[in-house]
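Q: Could you walk me through the pockets of this protein, taking a close look at one of them and then placing it beside the ligand site and the rest of the fold?

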Amino acid sequence: MFDPYSILRPNILNLIPYSSARDEYSGANAIFIDANENPFDSGMNRYPDPYQIKLRQKVARVKKVLPEQLFLGNGSDEAIDLLIRAFCEPRVDNIVAMKPSYGMYKVCADINNVEFREALLTDQYQLDNQAMLDLVDSSTKMIFLCSPNNPTSNSLNRDDIIYLLEQFKGIVVVDEAYIDFSIRRGILERLNDYPNLVVLQTFSKAWGLAGIRLGMAFASKQIIEVLNKIKYPYNINVLTQKTALEILEKEAEKELQVDSIIRERITLIRELNRLDLVKEILPSDANFLMIRVPEARKIYQYLIDKNIIVRDRSKVPLCEGCLRITVGTPEENETLIKALAEYRY
Ligand SMILES: *Cc1c(COP(=O)(O)O)cnc(C)c1O
């Protein structure tokens, strides 16, 4: 049975965490003169709940996990950084990841001076499990996967993810930032079966809250305890906790928006396919499309001149000549199609 403490960095294992005033006493209706706050009530004069008890209970209910299996971070990016800091000894340990994928994994590894090894996806943008495992050695602490993947937009085969979870004796992180846009079920429902699984999700995409910076990590109670032990005490601010609690009351509204984005994705694919300059659209399970075009850089510049900003991914391995386009509102998508239709070589 996988024990996260067996691969934890010794300094983290031995860490005595900062104990905040709110850790030591957190009741209500008392006179709080323990944290050097300004006593005049503005709704924001108090430090936030360091463990986000209310918010975590609510998110846990929506996601059908226990609150103890959930970590909330300042974006998923915080969870990525904390996982690396907790488990990877700088200049000793390494991380294995798939390529191409989300750029933050490597940036966080580089910042922490942790070697980052990448195995190319197959030509169908799927995991090459053998290539991944070939990169693993006794110092590999973590594998990073992303499904649906950014930037290739497709979902990974579930069997491949399960295979890595079963073969690899370290932590497998599966980033599901785009899972709400997918027809697949995702891997979160298997959380209790795999003590080495960490699932990342976010409020930045489907929930429409990129501005409040709130990310989720789901894992075993032991792994979540480690993340909570090393995070900054007040990592989720009062405004973010409040806004998230409000939005979680409106899950139906989020579902409607997701449905609309998925319908719009279908329309956009149909319209793009009618354009000569679009050579290929990668199969998408996300809220964006990868389109392959001739002279990608020129078209990217042309669109900027028309005040339309897409992401140039044309130099990314397996994505040569591709532009990444987020599904916008119907009006935005129409403007994009019109501009592309007017492009002259
Ligand atoms: C957008 C995105 C995220 C979200 O990061 P946040 O820090 O939560 O905003 C995470 N992973 C991937 C692959 C993404 O594309």
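**A close look at the second largest pocket**

A: The second largest pocket has a volume of about 500 Å³. Keep in mind that this is a predicted model.

Its lining is made up of 23 residues, and those nearest the centre of the pocket are V62, K63, R185, L188 and Q201. Two elements, α3 and α10 (251-273), each give two or more residues to this lining. Of these, α10 supplies the largest share, four residues. Sorted by class, the lining of the second largest pocket holds nine nonpolar, four polar and 10 charged residues.

Now follow the chain a little way from the centre of that pocket. K63 is among the residues nearest the centre, and the next residue to look at is K64, which sits in the loop between α3 and β1 (70-73). The backbone of K64 deserves a glance, since its phi is near 60 degrees, a positive value in a residue that is not glycine. As background, most residues other than glycine have a negative phi.

Let's set the largest pocket beside it. The largest pocket has a volume of about 760 Å³. It is lined by 25 residues, with R46, Y47, P48, D49 and Q241 closest to its centre. The elements giving two or more residues to this lining are α2 (21-24), α3 (53-63) and α9 (238-248). Here α9 makes the largest contribution, with four residues. The class make-up of the largest pocket's lining is 12 nonpolar, seven polar and six charged residues. Notice that α3 turns up again: it is listed for the largest pocket and also for the second largest.

Next, the ligand. It is surrounded by 13 residues, and the closest of them are S76, D175, Y178, S204 and K205. This shell consists of four nonpolar, five polar and four charged residues. Three polar pairs are handy to inspect on your screen. A polar side-chain atom of D175 is 2.6 Å from a ligand nitrogen atom. For T202, a polar side-chain atom is 2.7 Å from a ligand oxygen atom. The contribution of D77 comes from its backbone, where a polar atom is 3.3 Å from an oxygen atom of the ligand. Taken alone the ligand exposes 390 Å², and the protein buries 93% of that area.

Two proline bonds are also worth finding in the backbone. The peptide bond from S147 to P148 is cis, with omega near -10 degrees, and P148 is in the loop between β4 (140-146) and α7 (158-167). The bond from N150 to P151 is cis as well, with omega near 15 degrees. P151 also belongs to the loop between β4 and α7. For context, most peptide bonds are trans.

Finally, step back to the whole protein. Its secondary structure comes to 12 helices and 11 strands. The radius of gyration is 22 Å, close to the 20 Å that the globule rule gives for 345 residues, so the protein is as compact as a globular protein of that length. Along its principal axes, the C-alpha trace spans about 70 × 50 × 30 Å.

Definitions and conventions. Residues numbered from 1 in each chain as written. Predicted model: local features only at pLDDT ≥ 70, side-chain atom pairs only at ≥ 80, totals over all residues. Heavy atoms only, no water. Near = heavy atom within 4 Å. Polar contact = N/O pair within 3.5 Å; in protein donor to acceptor, adjacent residues only side chain to side chain. Areas by Shrake-Rupley, 256 points an atom, 1.4 Å probe, with all protein chains shown as cover. Nonpolar A, V, L, I, M, F, W, Y, C, P; charged D, E, K, R; others polar. 1 Å grid on protein atoms, 1.4 Å probe; cavity = no way out; pocket = protein on both sides within 12 Å on 5 of 7 lines; lining within 4 Å. Points joined across faces, edges and corners; volume = space filled by probe spheres on them. Rg over C-alpha atoms; globule rule 2.2 N^0.38 Å.
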